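User: I'm new to reading protein structures, and I'd like a close look at a single part rather than a quick tour. Could you pick a place to begin and walk me through it step by step?

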Amino acid sequence: MPTPLMGLLLLLSAAAVPACALVIFLLLKNPARSPARVCGFTALLLGFSALAVYCYGWFSVTLGGPFPELCEDRTASGARLASLEQDFWPLRNACVYSDGSTVEHLSASINVFVYVPAGLAAVLACATAFPARRARHLPEGTS
C-alpha cells in the first residue's frame, strides 16, 4: 500500500476513535436511545481502533522499527545472519540465516490490539444489523 494512503488511514482512524467514544458516552448518558445505536458506534470504535494500531505497526515496519534488534548475528549452529524479511500483513518479520533457517517474529500485540478489536467490531456490526433489519420488515404493532 502506498505510504500516503496508510498515513491518511492512520489520521482518519486516530480522529474517529475519540469521536466514536464521545458519541457512545453521549448515547449512554441519554438512556432513551436505542441499544442498537450504542452497539453500532461501539463496533465503529473497535474497528477504527484496530485500524489505527495496524497502520501504526505498518509504519513501524516501513521505517525499520525495532525488528532488526531481535535478530541474533549467529544461530546456535553457527550460521550467520543473511537477511531480514518483513511482511506487512500480519506485520510478520523473519531473520533468515545462511544455512536456510529462519526465525519469525510475530508480535503478540498484533493479536491483542488488531485481531480482537476487529473481530469484536464484526460481531457487534452483525448483532446490530440483524435486529434492525428484522424490525424494519415487521408490520406495525407486532414484535
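Analyst:

## From a surface patch to the core

Let's begin on the outside, where Leu22, Phe25 and Leu26 make a nonpolar surface patch of about 320 Å². Leu22 lies in helix α1, so this helix is the part to look at closely, keeping in mind that the model is a predicted one.

Helix α1 covers residues 3-29, which is 27 residues in total. From its first C-alpha to its last it reaches 39 Å, close to the 39 Å expected at 1.5 Å a residue.

Which residues of α1 are buried? They are Met6, Gly7, Ser13, Ala16, Cys20, Ile24 and Leu27. Here is a handy rule for reading a list like that: an α-helix has 3.6 residues a turn, so residues three or four places apart point the same way. You can try it on the structure in front of you.

And what do the buried residues of α1 pack against? Their partner is α2, which spans residues 35-62.

Ser13 gives a good view of this packing. Ser13 is found in helix α1, and it counts as buried because its relative accessible area is 0%, when the cut-off for buried is under 20%. Setting aside neighbours within four places in sequence, Ser13 is in contact with Phe48, Leu51 and Ala52. One of these contacts, Ala52, is itself among the buried residues of α2.

Now step across to the partner helix. α2 has 28 residues, and the distance from its first C-alpha to its last is 40 Å, close to the 40 Å expected at 1.5 Å a residue. Its buried residues are Val38, Ala43, Leu45, Ala50, Ala52, Tyr54, Cys55, Gly57, Trp58, Phe59 and Val61.

Some of those names come back when we move to the inside of the protein. The largest nonpolar core has nine residues: Met6, Tyr54, Cys55, Trp58, Phe59, Val61, Leu91, Ile110 and Val114. At least two residues of this core come from α2, and at least two from α3, which runs over residues 108-137. The biggest contribution is from α2, with five residues. Met6, which we met among the buried residues of α1, belongs to this core too. As a general background, nonpolar side chains tend to be buried together in soluble globular proteins.

Two residues of α2 show how distant parts of the chain meet here. Val61 is in contact with Gln86, Phe88, Leu91 and Asn93, once neighbours within four places in sequence are left aside. Gly57 also lies in helix α2, and it counts as buried because its relative accessibility is 12%, below the 20% cut-off. Gly57 and Ile110 are 53 residues apart along the chain, yet a separation of 8.4 Å lies between their C-alpha atoms.

Let's zoom out to see where these helices belong. The protein has three helices and three strands, and along the sequence they follow the pattern α-α-β-β-β-α. α1 and α2 are therefore the two helices that come before the strands in this pattern.

For contrast with Ser13, look at two residues in the strand part of the chain. Val103 sits in strand β3, residues 102-106. At 35% relative accessibility it counts as partly exposed, because this value falls between the 20% and 50% cut-offs. Not counting residues up to four places away in sequence, Val103 touches Asn93, Ala94, Cys95 and Tyr97. Gly100 is found in the loop between β2 (92-97) and β3, and it is exposed because its relative accessible area of 56% is over the 50% cut-off.

Finally, a few values for the whole protein put the picture together. Buried residues make up 23% of its 143 residues. The protein exposes about 9400 Å², and carbon and sulfur atoms supply 67% of that area. Among contacts with a separation of 6 or more, 51% are between residues 24 or more positions apart.

Technical notes: Residues are numbered from 1 along each chain as its sequence is written. This is a predicted model: local features need pLDDT of at least 70, side-chain atom pairs count only at pLDDT 80 or more; totals for chains, interfaces and linings use all residues. Side-chain values use heavy atoms; hydrogens and water are left out. Helices (H or I, at least four residues) and strands (E, at least two) are DSSP runs, numbered from the N terminus. The expected span of a helix is 1.5 Å times one less than its number of residues. Buried means under 20% relative accessible area, exposed over 50%, partly exposed in between (1.4 Å probe, protein chains only). Contact means heavy atoms within 4.5 Å. A nonpolar core is a set of buried Ala, Val, Leu, Ile, Met, Phe, Trp, Tyr and Cys residues joined through side-chain atoms within 4.5 Å. Patches are made of residues with over 30% relative accessible area and no salt bridge: like charges are joined within 9 Å, nonpolar side chains (Val, Leu, Ile, Met, Phe, Trp, Tyr) within 5 Å. Accessible areas come from the Shrake-Rupley method with a 1.4 Å probe; for residues, only the protein chains shown count as cover. A salt bridge is a side-chain nitrogen of Lys or Arg within 4 Å of a carboxyl oxygen of Asp or Glu.
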